[in-house]
Amino acid sequence: MSGATIAILHYAGPPGIGGVEATIAAHIRLLADDGYAVRVVVGAGGSSDGREDLRVLPRLGSRHPEVEAVSAELRRGAVTPAFHALVETLADELQTALQGCSVALVHNVPTLHKNLAFTAALHRLHMAGRAPRLLAWAHDFAWRDPLYLPELHSGWPWDLLRTPWPDVQYVAVSQDRRAMLAALLGLPTSAIAVVTPGVDVARLAKVEPATWALVEQHRLLEADPLLLLPARITRRKNIEGALRIVAALRDAGLRPRLVVTGPPGPHNPANAAYLDELQRLRTKLDAPVLFLYESFRDDQGRPRPVSEAMIADWLSLADGLLFPSRAEGFGMPVIEAALRGVPVFCADIAPFREIAGDNAWFFDLNAPPATVAQQIASALHDDPRYRLRQHVRAHYTWQAIYRRTIKPLLDAGPAPAASATERAR
């Protein structure tokens, strides 16, 4: 279905500040990235991505003078000619704005009373078959909020907010909200999809675009764990030891990935031969190791320098620092990892002890790789912060949410109309 036009509807859109507006901004990015044409139909807002077709219809907002006037009448329980006229106007504007759209993601309008003329107009178009297929994203429910109940009355149009619209797929933002919405609409919970908000890791961590391109290309957020070795490729760094440890982690049933940031050291011609040895060892062990020297290249295939900003990115993303050096003068990566809150797994050598005291996980350089791997696995497994981080990566990044829940909803057919039996539940 990629290539179709998807509409997003709300009272206001990004860059307005709010949870719904932030969700809309994420949906715009995700849909555009997947090849959809995105049309944003809102009462207020501006471009947040640059790829969306923005249609601002001021009467869709909650603060337009006409809307505020009829809202004041509705709070008194009066459905006046002014309200009916506004519904007519909005129905015409919406029908024009939604032409050519196959699906519309409608945020809060079917369940919230901030602009009941908008709700009534959209319902009219939907019932007449003049609207796209609707996915009703329900963040808030007027009929379940004690603050709003005094503003609501029985009958039309208020009952539109607590009556299931036929052939509409309702979407709640959490299991708790799904149960609440099911009770409100008289639907089984199975009829309501759950699509949580998510986090954009690259934006939250302020990751450089070049770093994020590597993360996505190699699917590094799926690592369990993602380990970092920020060092030049020289023998004293004992990178072969890191390869064996990572291979042992994989053999123990984990999904590790190791990122080695540096190029071969420039001052010893033997370092190029050392890289060849490491590449052969990686192949032999089938070790999940990424050398940036290989993968981070320009258009002519030449290695690109890894900046300090990119090193900071990897420290933000890493689950642990793996530093098996046989000899060091000091050990700056240990300090940098510590300031980022990244667990340090390092060789038991004097410079590292001097820096970290007893606050790192040290391993004997002569210990079997499986022993070190078990030490790393146990340390991470016992850390609730790591377990939560893995859970969030798997379930609450926008990319994971889109693949798992949003895309299937776009590809699905119309939601089945609720039967009388279901409405009675």
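Two strands count as paired if DSSP finds at least two bridges between them. Strands (E, at least two residues) and helices (H or I, at least four) are DSSP runs, numbered from the N terminus.

## Ground rules

This is a predicted model, so local features need pLDDT of at least 70 and side-chain atom pairs count only at pLDDT 80 or more, while totals for chains, interfaces and linings use all residues. Residues are numbered from 1 along each chain as its sequence is written, and side-chain values use heavy atoms, with hydrogens and water left out.

## The seven-stranded sheet

Here the strands line up as 3-2-1-4-5-6-7 in an open sheet with parallel pairing. Strand 3 (53-56) and strand 7 (192-194) sit at the edges with a single partner strand each, so one side of each has no neighbour in the sheet. From one strand to the next, the twist averages 25° (axes are lines fitted to C-alpha atoms, for helices over the stretch in contact; angles run from 0 to 180 degrees between N-to-C directions).

Strand 4 (103-107) and strand 5 (133-138) run parallel, joined by five bridges, and Val106 stands opposite Ala136 in strand 5. Helix 5 (175-185) packs on this sheet, touching strand 5, strand 6 (169-172) and strand 7, where contact means heavy atoms within 4.5 Å. Helix 16 (398-411) lies across several strands, including strand 1 (5-10) and strand 4, at about 150° to strand 5.

## The six-stranded sheet

Another open sheet, also with parallel pairing, has the order 10-9-8-11-12-13. Its edge strands are strand 10 (289-291) and strand 13 (361-363).

Strand 11 (320-323) pairs with strand 12 (344-347) over three bridges, and Leu321 has Val344 as its bridge partner in strand 12. Helix 8 (239-251) runs at about 175° to strand 8 (226-229).
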